[in-house]
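Student: I've got a new structure open and I'm not sure how to read it. Can you walk me through it?

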Amino acid sequence: MTIKQLMAAVIMTGAAVSTAVLPASAETLRWARAGDSLTLDPHAQNEGPTHTLAHQMYEPLLHRDMAGQIIPALATDWAPTDDPNVWRFNLRKGVSFHDGSAFTADDVVFSLNRAMKPTSAMKELLSSVKEVRAVDDHTVDIETDGPNPLMPNNLTNLFIMDSGWTEANNCAEPQDIANGGDNPCVRAVNGTGAYVLVSRAQDEKTVLKANPNYWGIGQFPLDVSEIVYTPIQESATRVSALLSGEVDLIQDVPVQDLDRVATTDGLSVITAPQNRTIFFGLNVGDPDLTTDNVDGKNPLADVRVRQAMNIAINRDAIKKVVMRDQSKPTGVIMPPFVNGWTEALDAYPANDLAKAKQLMADAGYADGFGITLNCPNDRYINDEAICQAAVGMFGQIGIKVTLDAKPKAQHFPLIKNRETDFYMLGWGVPTFDSEYIFNFLAHTSTDKLGSWNGTRYSNPSLDEKIVSLASETDLSVRNATISEIWNTLQDEVIYLPIHHQVLNWGMRANIDFPVQPEDQPHFKFLKIKG
Amino acid sequence: MNPVPGPSSTVSGWRDSDLWYSFKRSPVIVTAACVLVTLILGAVFAPLISPYTPFDPGSLNLMNGFTEPFARNAFTNEFFLLGTDDQGRDVFSTILFGLRVSLFVGISAVLFAMVLGVALGLIAGYVGGWLDGLIMRIADVQLTFPSIMIAMLLFGIGRGLLPPDLRDEMAIWVLIIAIGLSEWVQFARTVRGATMVERSKEYVEAAHLIGLSRWAIMLRHILPNISGPILVIATITLALAIIAEATLSFLGVGAPKTEPSLGTLINVGRQFILSGEWWILLFPSVTLLALALSVNLFGDWLRDMLNPKLR
Amino acid sequence: MLAFIIRRLGQALFVLLTVAFFSFAMFKFMGDPLENLLGQEATNLDRAELEERLGLNDPIVVQYVRYLARALEGDFGVSYRAGIPVAEVIMQRLPATLELAFISGMLAVVFGVLLGIYTAIRRDGFVANLIMTSSLIGVSLPTFLIGVGLIWAFSVNLGWLPSFGRGDTAPFFGVELAVMTWDGIQSLILPSITLGLYQMTLIMRLVRSEMLEVLRTDYIRFARARGLTDRALHFSHALRNTLVPVITITGVQLGLIIAFAIVTETVFQWPGVGLLFINAVNFVDIPVMAAYLLLVGIIFVTINLVVDLLYFVVDPRLRAERSGSEGP
């Protein structure tokens with residue numbers, strides 16, 4: 001116990017003790033959310049909570065600030081060169097890694113190449129990259145297969161490691177998550193970011209302290225000198241930790257406890273729409289399904305069945321009861337932040353059971369069918385409860401859905417390995433552009449693209465349009481193509497959209513910190529009032 | 001946990017009338033028995049009594065969610081005695097069905113443990129020799145570990161052996177086998193001891209002389225004479241099994257959410273401990289407490305009756 | 001004496017080897033190590049080669065011995081879920097569990113013995129009867145309900161005590177302990193009560209009945225006749241004679257505490273090996289489950305062994321014949 005804590009304790013015992021917990025020292029931020037980062041290796045997982053922790057210690061060339069705008073980080077500026085296939089990045093000078101070694105162009109070349117290796121989870125974002133070249137110590141060129149006007153948007157989560165340190169630690173290859181791989185970079189960090197790793201126990205506690213040599217001192221508030229990050233799985237436990245002052249900020253206030261937090265003295269809840277849409281994916285491509293009870297054919301291949309399912313979902317009821325009004329129902333799998341979003345696409349069909357039953361009958365499934373729905377239970381807000389509610393709604397049109405809810409670490413492989421016919425997924429769009437959605441979710445599943453397209457949907461003419469987006473430099477043509485692709489996707493109903501998530505960060509009232517639309521707090525921006 | 005009758009208790013000097021007399025005289029036991037019978041009847045006739053079918057998803061209306069107890073839902077105007085949970089399920093009905101799962105798992109597990117333990121105990125006690133040594137060594141090893149931990153391990157192993165898509169479907173049966181396997185030792189040890197005492201008695205020798213087979217002697221003559229202690233252990237084990245099941249389900253490694261037991265319901269209710277929907281947590285907890293307490297009281301009383309020495 | 005100790009050690013070794021065999025069998029037959037090492041694109045040739053290299057074609061006994069040898073070196077493989085060596089994960093979390101178990105055990109013994117004595121001496125008093133009645137409810141309450149109830153009362157409604165985690169820790173001879181900080185001590189209160197309550201009830205009932213038994217014996221009556229004070233009677237004569245069974249039960253209960261720590265740790269999100277184990281069961285993380293089994297096996301066998309030897313030392317009458325360890 002430090003002297004300061006001791007003194008605080010003594011004062012507390014003297015005063016009328018209403019809460020037996022120490023007040024936070026002004027500089028320490030105790031931060032909690034449901035899940036932990038999966039690994040400290042910055043290229044081994046493409047997952048929100050993992051990137052969020054990495055962002056405090058590692059930096060990309062550029063990233064999104066608390067309002068979602070792209071700002072420079074390790075690159076000071078960037079522009080396409082005369083060769084339309086090459087982007088040039090000017091790097092920040094005088095930056096050093098936590099161990100003191102200098103940051104140079106070689107580190108950028110090394111790190112981006114590392115992120116393109118087979119075991120990297122970030123390689124899809126760099127699929128158009130042909131070569132990364134160091135021009136001099138502080139200039140890097142990135143050459144793509146064709147002109148790629150939006151390439152820099154892909155770099156917001158691509159962290160730069162120190163080449164010397166990484167190689168000395170034998171982690172030139174990213175950790176091979178799929179095969180239970182391990183390397184020292186899973187537990188150690190040497191970045192350029194505002195915070196330095198002090199200690200970490202997976203799923204338990206991670207402690208960071210301010211980097212005294214950070215290049216951004218004076219440019220960012222940097223009010224927090226120490227961060228203690230604790231994952232707390234249980235939602236009630238997480239909230240009571242905030243209520244009793246054991247933590248200062250939680251990223252996921254359960255919707256049922258919003259009122260309680262908001263009305264508690266000294267706490268505030270800040271709400272903002274998130275750049276993430278929740279939806280169900282349907283296996284429309286396989287000739288027969290393994291998880292249904294229909295032999296020899298695939299009921300989901302019939303568009304009328306998909307339309308019936310789409311209007312069987314009572315999105316308003318999910319919003320009202322399951323989400324307690326903390327969601328925005330939608331008819332498209334694209335959050336409003338994304339280029340390509342329109343109100344017309346966003347409009348969702350009314351819940352109409354009579355029409356849904358008619359469509360089922362027309363498709364030859366008047367008596368319904370049975371199928372398994374795979375659902376995560378620790379990733380999205382009330383994910384399992386949404387699935388449970390949907391099971392009841394599909395039951396009303398005769399579809400007997402068996403719910404299989406699992407932790408995210410087991411759920412996502414089902415989608416990636418195409419082992420599920422009906423699943424829940426939530427998709428955030430870090431590039432803020434429709435192309436990212438198409439590349440991952442709509443393009444036919446190939447080596448480079450469509451890795452999260454669990455629908456087995458394959459439409460060659462649509463694929464052509466999707467691929468054309470990467471090198472289309474005329475933005476109005478590009479936007480017209482985006483609109484065409486969306487119209488096809490909406491007609492095909494291969495996904496059943498539910499809602500856009502709404503973020504609820506709960507924090508001590510003296511914390512001044514806007515909610516970041518990607519759910520990625522950057523604590524260097526956090527200000528303490530008073 | 002509780003001292004269990006040893007071999008010396010086989011002198012079964014109890015008569016039904018004594019039992020009945022002592023039963024009537026103890027208001028606590030009468031109350032416990034009434035509570036127990038009510039709960040068992042509720043579980044058995046759950047499909048008839050419960051006003052809703054909470055686990056038929058097609059019959060649910062999400063808009064009924066979070067209705068308060070003894071009140072009507074503001075949107076649908078439906079009435080729910082003990083309120084509804086987050087999915088609009090009637091809490092009274094979920095408790096009845098949860099009780100059904102809890103009791104089914106508990107009783108099945110005890111029956112399984114009893115059949116296994118009695119069989120092994122009879123063999124060990126009557127046949128003896130290396131078979132006896134082997135069975136008792138296994139029992140010793142198992143006794144080194146608390147039964148709840150063995151149940152958890154066995155449950156984990158069972159899950160691992162099943163293909164992933166069957167894990168939820170078979171969860172109840174894996175649970176029964178896991179808890180059953182973790183509780184057979186007490187039966188085996190007691191039966192073995194009792195059998196060894198009985199074996200040396202004259203009536204067994206006589207039966208042997210008139211040419212009855214070993215199995216016939218074991219099942220028809222020895223077993224009925226040691227049924228008293230078996231019954232006591234069964235009751236005490238039932239309380240343990242119910243609590244073990246509830247604990248596993250509460251930890252999320254037992255009954256699946258589609259077929260919830262009381263433990264699962266309590267785990268669901270815990271989410272709402274802060275948000276004011278107290279009924280989702282409180283009612284299942286009280287039910288589990290009443291069940292465990294009444295079985296325990298009943299078991300204690302039965303043990304005292306059948307083994308006056310241990311009182 | 002020596003023969004007894006040797007036989008007892010032999011038994012302990014037998015139990016350990018059996019437990020280790022189960023642990024090995026889980027590892028061998030449930031987690032397919034090849035799937036985990038090779039990934040999906042592996043060819044049959046890769047498979048055969050790796051099988052040979054890992055010695056998966058050797059006789060089971062050879063593999064078992066090899067497993068034991070690796071376990072002795074602390075090598076339990078890599079956790080499927082965390083991608084970190086199992087031994088490292090367990091060592092990281094073991095102090096938290098041992099600390100919680102130790103504190104709960106202390107609470108249970110101290111309060112159990114004190115209340116036991118009190119209820120024995122005042123056997124007809126109102127308070128003593130009240131304690132005895134509520135103890136029956138205590139035995140019937142599932143641990144997790146006690147935990148949830150305590151959180152509801154002391155964290156949610158009164159806001160006095162923390163409801164999760166271990167709080168701040170500070171090093172004590174290099175081991176991070178929560179008892180070393182005020183914050184940590186507060187975090188310890190609710191979990192250790194939850195964990196210790198059941199054991200306390202049992203010890204209390206045991207001490208009471210043993211004490212009553214002893215107070216009835218002839219030599220106490222003689223002592224009383226000789227004019228010894230009640231205090232001397234109760235504490236220096238009666239209590240000493242009740243110690244034997246108390247030691248046995250307490251030892252076995254310590255084992256139980258570690259088992260029930262799984263439940264308590266889950267309720268309070270206490271970062272110990274119990275929480276690790278439950279997560280492993282959930283994720284079917286076989287290496288962690290296998291290593292945990294072996295670890296608790298070692299702990300239990302050691303406890304039982306120590307208790308038996310202690311029993312033997314304390315009560316000479318038992319030196320004649322005593323069969324294997326008795327269960328709770």
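Student: Where in chain C does pLDDT stay under 50, and how many contacts beyond four places in sequence does the model have there?

Tutor: Keep in mind that this is a predicted model. The stretch you want is residues 33–43 of chain C, with 16 such contacts. Residues 319–328 of chain C also fall below 50, and that stretch has 13 contacts beyond near neighbours in sequence.

Student: Which elements of chain C have the lowest and the highest mean pLDDT?

Tutor: Helix α2 (residues 33–38) of chain C sits at the bottom with 43, while helix α5 (residues 86–121) of chain C tops the list with 86. Taken as a whole, chain C averages 75, and 79% of its residues reach 70 or more. For the complex, the predictor gives an ipTM of 0.73 and a pTM of 0.78.

Student: Which residues have the most contacts inside the largest nonpolar core?

Tutor: They are M152(B), L175(B), I203(C), M289(C) and Y292(C), in a core of 247 residues. Helix α4 (residues 91–127) of chain B supplies the largest share of that core, 18 residues.

Student: What does M152(B) touch, apart from its neighbours within four places in sequence?

Tutor: M152(B) is in contact with L248(B) and V253(B), plus I262(C) and V281(C) from chain C. There's also a second, separate core of 75 residues, including I311(A) and F394(A).

Student: And how many residues of chain B are in contact with chain A?

Tutor: On chain B it's 17, facing 19 residues of chain A. The chain B side splits into eight nonpolar, six polar and three charged residues.

Conventions: Residues are numbered from 1 along each chain as its sequence is written. Chains are lettered from A and ligands numbered from 1 in the order in which they are written. This is a predicted model: local features need pLDDT of at least 70, side-chain atom pairs count only at pLDDT 80 or more; totals for chains, interfaces and linings use all residues. Two residues are in contact if their C-beta atoms, placed from the backbone, lie within 7 Å. Ala, Val, Leu, Ile, Met, Phe, Trp, Tyr, Cys and Pro count as nonpolar, Asp, Glu, Lys and Arg as charged, and the others, Gly among them, as polar. pLDDT is the predictor's confidence in each residue, from 0 to 100. Helices (H or I, at least four residues) and strands (E, at least two) are DSSP runs, numbered from the N terminus. A nonpolar core is a set of buried Ala, Val, Leu, Ile, Met, Phe, Trp, Tyr and Cys residues joined through C-beta atoms within 7 Å. A residue is buried if 20 or more other C-beta atoms lie within 10 Å of its own, exposed if 12 or fewer, and partly exposed in between; C-beta atoms are placed from the backbone.
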